[in-house]
Amino acid sequence: HAKETGGGRAEYYRLEMDAEREGRNLLEIDLRAAIEQSELHVVYQPVVDAKTWRLVGVEALARWNRKGHGPVSPDIFIPIAESTGLIDQLGIYVLHRACETIAGWPELRLSVNISPGQFRDPAFVAHVGAVFRDTRTDPARITLEMTEGYFIQNPERARAALAKLKRLGVRIALDDFGVGFSSVGYLRQFGFDRMKIDKSMVHAMDDGGRAVDMLQATVALARSLEIPVTAEGVETKSQALALKRSGCDELQGYLFGKPMSAEEINTIYRNDSFPGVTVAYG
Ligand code: C2E
Ligand code: MG
Ligand code: MG
Ligand code: MG
C-alpha cells in the first residue's frame with residue numbers, strides 16, 4: 001500500500017515538473033518572439049528630489065503583455081531572459097527605447113537596469129556606447145543599476161567591467177541594497193556612484209525600532225563615502241519624510257507614481273507637479 005502511495009506521489013511530482021518545464025519553455029518561446037517583434041514596452045517611474053519632491057529623473061522598467069495571456073511580471077520574464085541569453089537583446093532594446101524617450105525631457109536623468117549576464121557578451125559595452133551615439137544621448141544623464149550578485153561571484157571581472165562601462169561616461173548604481181549580501185564596502189570597492197535602498201528596507205521602517213536605526217546607519221555610511229542614496233518603494237508621506245531626515249537625497253515609489261507611460265511622465269514633466277501630491281515639509 002505504502003509503495004502505491006509513494007509511486008503515486010512520485011508520478012504526481014514528475015507530472016508537475018513536466019508541466020512547469022513545459023510552461024517555462026512556452027514562456028521562453030513567446031518571450032523570444034515578443035523581443036524580436038518589439039512587443040515589449042518600457043514604462044517609466046518618477047524619481048524625485050527628497051527635499052522638494054520635484055521630478056529629477058525616471059527609472060525605465062520593461063513590460064511584457066503576452067499575447068493571449070496578459071501581462072507577465074518582470075520578476076518572471078527577466079530571470080527567463082537571463083537564463084536563456086535573451087537578456088542581451090532585451091536589455092539593449094530597453095536602453096535604446098528609453099534613450100529615445102528621454103530626448104524629450106532634457107532636465108531629467110534616466111536609470112536603466114542591467115543584468116550581470118549582459119557582461120558575458122564581450123561587445124556589451126560597445127553596444128551601450130552605440131545606443132548613446134544612435135540616440136544622441138549624453139551618457140552623463142544615464143545611470144545603470146546593478147544588483148550585488150555579480151560582484152560577489154566575480155569581483156575582479158566585475159570591477160574591470162564596471163570600469164569599462166564608466167569610461168563611457170555613465171554612472172552606476174547599486175540596486176536593491178538591503179536584500180542579499182550587499183555591503184557598503186562594495187560601493188567604494190567597485191566605484192558605485194549611487195546606492196538604491198530596497199523597498200523591503202523602506203517598508204520595514206513602518207514597524208519602527210531596529211529597522212529605522214539600520215536604515216539610518218546604512219545611509220550615513222554611504223554618505224560618509226559621499227555616495228548619494230535613493231530610496232525605493234516609498235508609499236507614504238511619513239516614509240518620505242523619515243527617509244529625507246535619514247539623509248536620502250532622492251525618492252521613488254507609488255507615493256509619487258507607479259511606473260507609467262511616457263505620455264503620463266510628459267504631463268508631470270510639463271506641469272512640474274504630481275497630480276494629488278503636495279509637498280509636506282517637515
Ligand atoms: P527594480 O530595479 O528594483 O525596480 C523597482 C521595482 O519596484 C519595480 O518593479 C517597481 O514597479 C517596484 N516599485 C516601485 N515603487 C514601488 C512601491 O512604492 N511599492 C512597491 N510595492 N513596489 C514598487 P517591477 O517593474 O515589477 O520590476 C521588478 C524588477 O525586474 C526590477 O526591480 C528589475 O530588477 C527587474 N527589471 C525590470 N525591467 C528590467 C530591465 O529592463 N532589465 C533588467 N535587467 N531588469 C529589469
Ligand atoms: Mg532598479
Ligand atoms: Mg533592478
Ligand atoms: Mg530595486
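This report describes magnesium coordination in a predicted model.

## Ligand 3: N113 and D175

Two residues coordinate the magnesium ion (ligand 3): N113 through OD1 and D175 through OD. The distances run from 2.2 to 2.4 Å. The pair joins distant parts of the chain. N113 belongs to strand 4 (residues 109-113), and D175 to strand 6 (residues 171-177). They are 62 residues apart.

The two donors' residues can be set side by side by accessibility. N113 is partly exposed, at 29% relative accessibility. D175 has a relative accessible area of 5%, so it counts as buried, the cut-off being under 20%.

## Ligand 4: D175, D176 and E232

The magnesium ion (ligand 4) is coordinated by D175 (OD), D176 (OD) and E232, with OE of E232 listed twice. Here the distances span 1.9 to 2.7 Å. Along the chain, the donors follow the spacing D-D-x55-E.

D175 and E232 also link distant parts of the chain. D175 sits in strand 6. E232 lies in the loop between strand 8 (229-231) and helix 10 (237-245). The separation is 57 residues. E232 is buried, at 10% relative accessibility.

## Bridges to ligand 2

The magnesium ion (ligand 2) is connected to both of these sites. N113 bridges the magnesium ion (ligand 3) and the magnesium ion (ligand 2). Those two ions lie 3.2 Å apart. D175 bridges the magnesium ion (ligand 4) and the magnesium ion (ligand 2), which are 4.0 Å apart.

D175 therefore has several roles in the coordination: it is a donor to ligand 3, a donor to ligand 4, and a bridge between ligand 4 and ligand 2.

Notes. Residues numbered from 1 in each chain as written. Chains lettered and ligands numbered in written order. Predicted model: local features only at pLDDT ≥ 70, side-chain atom pairs only at ≥ 80, totals over all residues. Heavy atoms only, no water. Donors = N, O, S within 2.8 Å, 3.2 Å for Na, K, Ca; no water. Helix = DSSP H or I, 4+ residues; strand = E, 2+ residues; numbered from the N terminus. Buried < 20%, exposed > 50% of the residue type's maximum accessible area, 1.4 Å probe, protein only.
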